[in-house]
Amino acid sequence: MSSLTYVESVGVGLLQGVTELFPVSSLGHSILIPALIGGQTRADLDVTADGSPYLAVLVGLHLATALALVVFFRRDWIRIIRGLFSSIRDREVSSPDQKLAWLLVVSTIPVGIAGLALDHLLRDALGKPTPAAAFLALNGLVLLGAERLKRGGTGRRRAGQHPVAHTPAHVPDTDPALDSDRRIARLSYRQGAWIGAAQILALFPGISRSGVTMSTGVLRGLGHEDAARFSFLLATPVILAASALKLPELLKPENAAVRGPLLAGSLAAFVAGYVSVRFLTKYFETRSLTPFAVYCTVAGLGCLAWFNV
């Protein structure tokens, strides 16, 4: 019989808060780490086990991570929401905030539809260590491929958006967040939809939501900093919506015993998520996806060998 301890919940919370935002797949790690530990931990933390509270706990931890994003980007979300309502009121899209708001709306639709249709099917079919390890390695190759294409200029030529990737040197910096939003807002709605649709791949355990959206953003002409920012903004409504749909599971009587551990794990996930997004927004100002690509490829292939040899 599976259960959930406070130590397990806090550990998974810290793992979730980091891996949801780092481009390394939170669901993949939530499957692989318990399998590597083995024993009762593997039994307790099995997303495919009948009657396991683990999936309900993951829902709560995702919500805590999304709330960390809301808190970190609170000023930005106030501007974006105001932009959306002013655009609806005035029936026009004339400011970067208004354009960014509609980009987020358009970009969220594809993954919302796919998530409703495919979430349970893919999780039940692929929520085992071997598929998760294979997709984690594939995630690394996706990140590496995006870096190679961008470094060769292919991504920018396809996007045709040189101004998105760079702010002209003669334009003085004001608020870095506003500057980034202006560059993101130069994306077309089609480009935004492609970036948002990339999140569908994250339904496969081992494929990172932030990783595929950053990679697609880079290939569509965004710099690393802007691609990361757009990815984090995109993730917030998706995670909040998915959590809202699944939260009733936490209210079921059979999940009453996990609410205490879940609260402790959620606090850990919130703190880890806030620290992670704070770190990554600085990291991608000057760094690339390559270290994460190498990690995912090596870890995925290593886990694949471990579970099958």
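Gly-223 is buried in this predicted model, with a relative accessible area of 12%, where buried stands for under 20% relative accessible area, exposed for over 50% and partly exposed for values in between, computed with a 1.4 Å probe on protein chains only. Gly-223 belongs to the loop between α12 and α13, helices being DSSP runs of H or I with at least four residues and strands runs of E with at least two, numbered from the N terminus. The C-alpha atoms of Gly-223 and Ile-184 are separated by 9.5 Å, although the two residues are 39 residues apart along the chain. Residues are numbered from 1 along each chain as its sequence is written. Because the model is predicted, local features need pLDDT of at least 70 and side-chain atom pairs count only at pLDDT 80 or more, whereas totals for chains, interfaces and linings use all residues; side-chain values rest on heavy atoms, with hydrogens and water left out.

Helix α12 (residues 209-219), on the other side of that loop from α13, is mostly covered, 10 of its 11 residues being buried. The buried residues of α12 include Arg-209, Met-214 and Val-218. Just after α12, Gly-221 adopts a positive phi of about 110°.

The protein chain as a whole contains 15 helices and zero strands, and 52% of its 309 residues count as buried. Among contacts (heavy atoms within 4.5 Å) between residues at least 6 apart in sequence, 80% join residues at least 24 apart.

The packing of helix α10 (residues 176-185) against α13 brings the two axes within 10 Å, with a crossing angle of roughly 85°; the axes are lines fitted to C-alpha atoms, for helices over the stretch in contact, and the angles run from 0 to 180 degrees between N-to-C directions. The helices α10 and α13 are therefore roughly perpendicular to each other, on a scale where angles under 35 degrees count as roughly parallel, over 145 as roughly antiparallel, 65 to 115 as roughly perpendicular and the rest as oblique. On the α10 side the contact involves Ala-177, Ser-180, Asp-181, Arg-183 and Ile-184, which meet Glu-225, Asp-226, Arg-229, Phe-230 and Leu-233 of α13. These residues comprise four nonpolar, one polar and five charged, with Ala, Val, Leu, Ile, Met, Phe, Trp, Tyr, Cys and Pro taken as nonpolar, Asp, Glu, Lys and Arg as charged, and the others, Gly among them, as polar.

Thr-108, in helix α6 (residues 96-126), touches Leu-234, Pro-237 and Val-238 when residues up to four places away in sequence are not counted. The C-alpha atoms of Thr-108 and Gly-192 are 9.2 Å apart in space, against a sequence separation of 84 residues.

A search of the whole structure finds 10 aromatic pairs, a pair being rings of Phe, Tyr or Trp (its six-membered ring) with centres within 6.5 Å, and planes under 30 degrees apart counting as stacked, over 60 as edge-to-face and the rest as tilted. In one of them, the rings of Phe-73 and Phe-232 have centres 6.5 Å apart and planes at 35°, so the pair is tilted. This pair links distant parts of the chain, with Phe-73 in the loop between α4 (54-72) and α5 (74-90) and Phe-232 in helix α13 (residues 224-246), 159 residues apart. Both Phe-73 and Phe-232 are buried. A tilted pair is also formed by Phe-279 and Tyr-283, at 5.8 Å centre to centre and with 35° between the planes. Both residues of the latter pair, Phe-279 and Tyr-283, lie in helix α14 (residues 259-283), four residues apart, about one turn of the helix. An α-helix has 3.6 residues a turn, so residues three or four places apart point the same way. Phe-279 nevertheless counts as partly exposed at 42% relative accessibility, whereas Tyr-283 counts as buried at 10%. Ring pairs join Phe-279 and Tyr-283 with Phe-22, Phe-284 and Phe-292 in a cluster. Elsewhere, Lys-99 lies over the face of Tyr-189, at 5.1 Å from the ring centre, the criterion being NZ of Lys or CZ of Arg within 6 Å of the ring centre and within 35 degrees of the ring normal.

Positive phi values also occur in residues other than glycine, including Ser-25, with a phi of about 75°, and Arg-91, with a phi near 55°. Ser-25 lies in the loop between α1 (6-19) and α2 (26-37) and counts as buried at 2% relative accessibility, whereas Arg-91, in the loop between α5 and α6, is exposed with a relative accessible area of 78%.
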